[in-house]
Amino acid sequence: MLIALIVLLVIVAAIGFWLVSMHNGLIALRNRTQESWRQIDVELKRRHDLIPNLVETVKGFAGHERGTLDEVMRARAAAVQAGGTPAQTAAAEQELTGALGRLMAVTEAYPQLQANQSFLALQSELSSTEDRIASARRYYNATVRELNTKVESFPSSAIAKRAGVHQEQYFEAEAGARSTPQVNFDTNSARTYETAPEPTIGGPVQGGQPVPPAQLPGQAGTAEGAHAPAGGLPAGASDLAQGGGRQGDMPDTNPHQEGGALGWGSGGPETPRA
């Protein structure tokens with residue numbers, strides 16, 4: 001009886017310890033997620049502080065680019081005031097990133113600005129901040145994924161509900177921001193590539209149709225007969241076969257023999273014998 005009571009107490013203690021450990025693990029994971037989000041917020045504020053100095057530097061060399069500069073400042077103001085959820089912050093930061101990209105594209109047309117030390121220092125600092133934001137975003141999303149998995153899984157989901165631990169949102173760009181732009185230098189139509197048609201064996205190609213080789217005098221029947229269907233021979237080939245189709249009656253086509261290239265003998269073409 002005493003041993004059974006001791007075993008029961010050990011089992012209850014083990015279950016209680018397991019429940020407490022799971023509860024504490026969820027709380028620690030939630031706190032780590034919140035801490036990682038605060039790290040992102042710090043880097044975003046650092047980015048927001050660098051942008052006005054960058055805009056002022058660009059304005060000194062490209063003051064007439066007023067539209068692009070104003071667009072960057074409006075996007076920055078919207079990002080500063082976004083706050084709220086990670087999804088809202090990500091949407092505002094995406095707009096700011098697009099405006100900054102267009103500003104950097106404009107600065108490439110000003111060599112003096114590209115050589116300015118203040119501009120280069122701000123650009124380098126902004127690039128480093130972007131890298132830290134990307135690193136912090138990856139860590140935050142990893143902790144969110146782990147937290148959401150535990151909140152959705154049983155039996156940790158029951159403990160999370162009692163402890164007030166809920167799922168968190170990811171901090172990521174929308175699908176359109178992740179797509180790679182398609183580069184096409186032809187602005188009027190899509191660039192296509194066509195393969196040239198292969199020449200037909202037996203002669204060149206003209207107008208999409210093969211051109212038959214030149215026929216020699218007296219060989220019309222032979223040329224036609226070469227392409228005649230299996231059912232019979234055309235009229236010219238039939239006449240040649242009946243009377244004058246012997247090898248001795250054919251013209252000499254050797255250009256090196258007397259009479260010239262494709263020439264007949266001195267007596268002219270022979271008259272086919274009946």
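Q: Why does E93 count as buried in this predicted model?
A: E93 has a relative accessibility of 4%, and the term buried applies under 20%, so E93 falls on the buried side of that cut-off.

Q: What makes the pairing of R47 with E93 a salt bridge?
A: The side chains of R47 and E93 meet with an N to O distance of 2.6 Å, and because the definition asks for a side-chain nitrogen of Lys or Arg within 4 Å of a carboxyl oxygen of Asp or Glu, the pair qualifies. The two partners belong to distant parts of the chain, with R47 in helix α1 and E93 in helix α3 (residues 86-107), 46 residues apart.

Q: How do you know whether R47 is buried or exposed?
A: R47 has a relative accessible area of 2%, which is under 20%, and therefore R47 is called buried.

Q: What makes E71 and R102 a salt bridge?
A: The side chains of E71 and R102 come to 2.5 Å, N to O, which is within the 4 Å cut-off, so the pair is counted as a salt bridge. In general, side chains of opposite charge can pair when their charged atoms come close.

Q: Why are E71 and R102 called partly exposed?
A: E71 has a relative accessibility of 27% and R102 one of 41%; because partly exposed covers the range between 20% and 50%, the term fits both residues. Elsewhere, salt bridges that share partners join E43, R46, E125 and R132 into one network.

Q: How do you know that E125 and R46 form a salt bridge, and which parts of the chain does the pair link?
A: The side chains of E125 and R46 meet at 3.2 Å, N to O, and this value lies within 4 Å, so the pair meets the definition. The pair links helix α5 (residues 117-152), where E125 is found, to helix α1, where R46 is found, across 79 residues. A search of the whole structure finds nine salt bridges.

Q: Why is E125 called partly exposed?
A: E125 has a relative accessible area of 26%, and because that value is neither under 20% nor over 50%, E125 is placed in the class in between.

Q: What makes the contact from N141 to F171 a polar contact?
A: The side chain of N141 reaches the backbone nitrogen of F171 at 3.0 Å, and the cut-off for a pair of N or O atoms is 3.5 Å, so the distance satisfies the definition. N141 lies in helix α5 and, leaving aside its neighbours within four places in sequence, is in contact with Y170 and F171.

Q: Why is N141 classed as buried?
A: N141 has a relative accessible area of 13%, which is under 20%, so the label buried applies.

Q: Why is L2 called exposed, and which surface patch does L2 help to make?
A: L2, in helix α1 (residues 2-61), has a relative accessible area of 60%, and because exposed means over 50%, L2 is given that label. Together with L5, I6, L8, L9, V10 and V12, L2 makes a nonpolar surface patch of about 690 Å².

Q: How much of the chain counts as buried?
A: Of the 274 residues, 24% count as buried, where the term requires under 20% relative accessible area.

Definitions and conventions: Residues numbered from 1 in each chain as written. Predicted model: local features only at pLDDT ≥ 70, side-chain atom pairs only at ≥ 80, totals over all residues. Heavy atoms only, no water. Patch = residues over 30% accessible without salt bridge, like charges linked within 9 Å, V, L, I, M, F, W, Y side chains within 5 Å. Areas by Shrake-Rupley, 256 points an atom, 1.4 Å probe, with all protein chains shown as cover. Helix = DSSP H or I, 4+ residues; strand = E, 2+ residues; numbered from the N terminus. Buried < 20%, exposed > 50% of the residue type's maximum accessible area, 1.4 Å probe, protein only. Polar contact = N/O pair within 3.5 Å; in protein donor to acceptor, adjacent residues only side chain to side chain. Contact = heavy atoms within 4.5 Å.
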